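Work through the exercises below with the sequence and the model open. Each task is followed by a solution in steps.

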2 protein chains.
Amino acid sequence: MDVRAEILRVATRLFATRGFDGTSLQSIAEEVGIRKPSLLYHFASKEQLRLAVLDELLARWSDVLPRLLMAAAGGEPRFATVMREAVGFFAEDPDRARLLVREILDRPDDMRVRLDKYVRPWVDIVADYIRRGQESGEVHELVDPEAYVLQIINLVVSGVAAAASLQGGLLPADSERGDPTQRHARELVRIARYSLFRAPEEGEEARPPARRTRSELRANEE
Amino acid sequence: MDVRAEILRVATRLFATRGFDGTSLQSIAEEVGIRKPSLLYHFASKEQLRLAVLDELLARWSDVLPRLLMAAAGGEPRFATVMREAVGFFAEDPDRARLLVREILDRPDDMRVRLDKYVRPWVDIVADYIRRGQESGEVHELVDPEAYVLQIINLVVSGVAAAASLQGGLLPADSERGDPTQRHARELVRIARYSLFRAPEEGEEARPPARRTRSELRANEE
DNA sequence: CCTACCGATCGGTAGG
DNA sequence: CCTACCGATCGGTAGG
């Protein structure tokens, strides 16, 4: 039906999986079910397609990020929830994370401009909340607010990208701690929290996103 | 003189910068100062060249990692030093980090096997030290040892890769906190430490690492 | 380590 | 949205 949208969908997946240079227009057209020149009717060049894919990605990020980061103003009690949402945003469609990482590697100059425009303002806002937390004593004094936020974003995006590619390969299955993806996500949230707050509320971040059993909690507390 | 080594050097840099698919044998040969068929005399195919580049990378990693991780057994007092060395290993030649990240994205199946062989044993060793730290009360109970180590490795490698590409673009210069690279490195070490130890020794990681770190690195290379 | 050359595939265009 | 086709470049080979 909507061929243009379908092209974008397929291109996003292939760019994320094989990279921009590793993906031919031919292979995209094939999967969409059209010929290459037809694809070039919708997008004037491969470069235009790349930009369209990236724009769509960052547009969604821009929808979600503000709400997410504002919620971070809730301080410690809201923290784990916000973090889990952030991880969820990327984990739900890991191509986003893989594409972001690839673009940073492949087109650093383009990406620096984009990140400066889309991400930086929100980094500053969260950094201010952190500074306020430092004044109130809730947050560790030695936290470097901007650097902290960027490190955590990096941790989330790169973590999801790597996990998507490796499919949690390095973490052995552990019946007590849940599947590898859950373990990674949980530990990520815990690291972010313990490195920020002076007195993190114990046990909170051990809760899996959806359902959770007593035995899982107990396993974590051992 | 040693053409083969020169090819490897150039290829490593170009693969890291433009990616494997984005780098032609022609462009490598040009920079080395030979013709393409001459390059193919040293490496039978582009794929062979890729494997050789990767082998060299992981061989050095294997030299450094063990010593590094064993030092982690020193507990909290040794922690910041070990972390700074790890960051230094990648920061000193960011192509290593960029190449690793690229390979994980481009050849996840190959990399899973390699990481399982080269990295996993050391992850297990450090995880055991962490568990001992948990028993002694030095380390937070809720740390998931394996997941923690993998997240920190991810943080170091991805952080250096991103910083190398973006050239610290998102962090503004701040005369009080030092240059962006230093700020990132310092905050990274702080995050790793505060999320691990129950009572991190305040102030330690705030020390400007300029001269100290470099001389430590040099001492390591001997 | 070179010149000369190969088939395959690339992104893109002409023209309908 | 298609068929037909373009020049450029790709990885790789023959032969010296």
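**Exercise 1: the surface near DNA strand D**

By class, the surface near DNA strand D is made up of seven nonpolar, five polar and three charged residues. Here Ala, Val, Leu, Ile, Met, Phe, Trp, Tyr, Cys and Pro count as nonpolar, Asp, Glu, Lys and Arg as charged, and the others, Gly among them, as polar. The model is predicted: local features need pLDDT of at least 70 and side-chain atom pairs pLDDT 80 or more, while totals for chains, interfaces and linings use all residues. Residues are numbered from 1 along each chain as its sequence is written, chains are lettered from A and ligands numbered from 1 in the order in which they are written, and side-chain values use heavy atoms, with hydrogens and water left out.

Task: describe the residues that surround DNA strand D and their contacts with its phosphates.

Solution.

1. A residue is near the strand if one of its heavy atoms lies within 4 Å of it. 15 residues surround DNA strand D, and the closest are V3(A), R35(A), S38(A), K36(B) and K46(B).
2. Helices are DSSP runs (H or I, at least four residues), numbered from the N terminus. α3 (36-42) of chain A and α3 (36-42) of chain B each supply at least two residues of this surface. The most, four residues, come from α3(A).
3. Of the strand atoms within 4 Å of the protein, 55% belong to sugar or phosphate and the rest to bases.
4. A polar side-chain atom of H42(A) lies 3.2 Å from a phosphate oxygen of the strand. Two backbone contacts come from chain B: a polar backbone atom of L25(B) is 3.0 Å from a phosphate oxygen, and one of K46(B) is 2.6 Å from a phosphate oxygen.

**Exercise 2: salt bridges**

Task: how many salt bridges are there over all chains, and which parts does the pair D55(A) and R114(A) tie together?

Solution.

1. A salt bridge is a side-chain nitrogen of Lys or Arg within 4 Å of a carboxyl oxygen of Asp or Glu. By this rule the count over all chains is 41.
2. D55(A) pairs with R114(A), with the closest N and O atoms 3.1 Å apart. D55(A) lies in helix α4 (residues 46-71) of chain A and R114(A) in helix α7 (residues 108-118) of chain A, so the pair ties together parts that are 59 residues apart in sequence.
3. Buried means under 20% relative accessible area, exposed over 50%, and partly exposed in between (1.4 Å probe, protein chains only). D55(A) is partly exposed at 38%, whereas R114(A) is buried at 15%.
4. In chain A, D109(A) and R112(A) also form a salt bridge (2.9 Å, N to O). Both lie in helix α7 of chain A, three residues apart, about one turn of the helix.
5. In chain B, R107(B) and E47(B) meet at 3.6 Å, N to O. R107(B) lies in the loop between α6 and α7 (108-118) of chain B and E47(B) in helix α4 (residues 46-71) of chain B, so this pair ties together parts that are 60 residues apart in sequence. R107(B) is partly exposed at 23%, as is E47(B) at 29%.
6. A network of salt bridges links E47(A), R50(A), E103(A), R107(A) and D110(A).

Terms used:
Polar contact = N/O pair within 3.5 Å; in protein donor to acceptor, adjacent residues only side chain to side chain.
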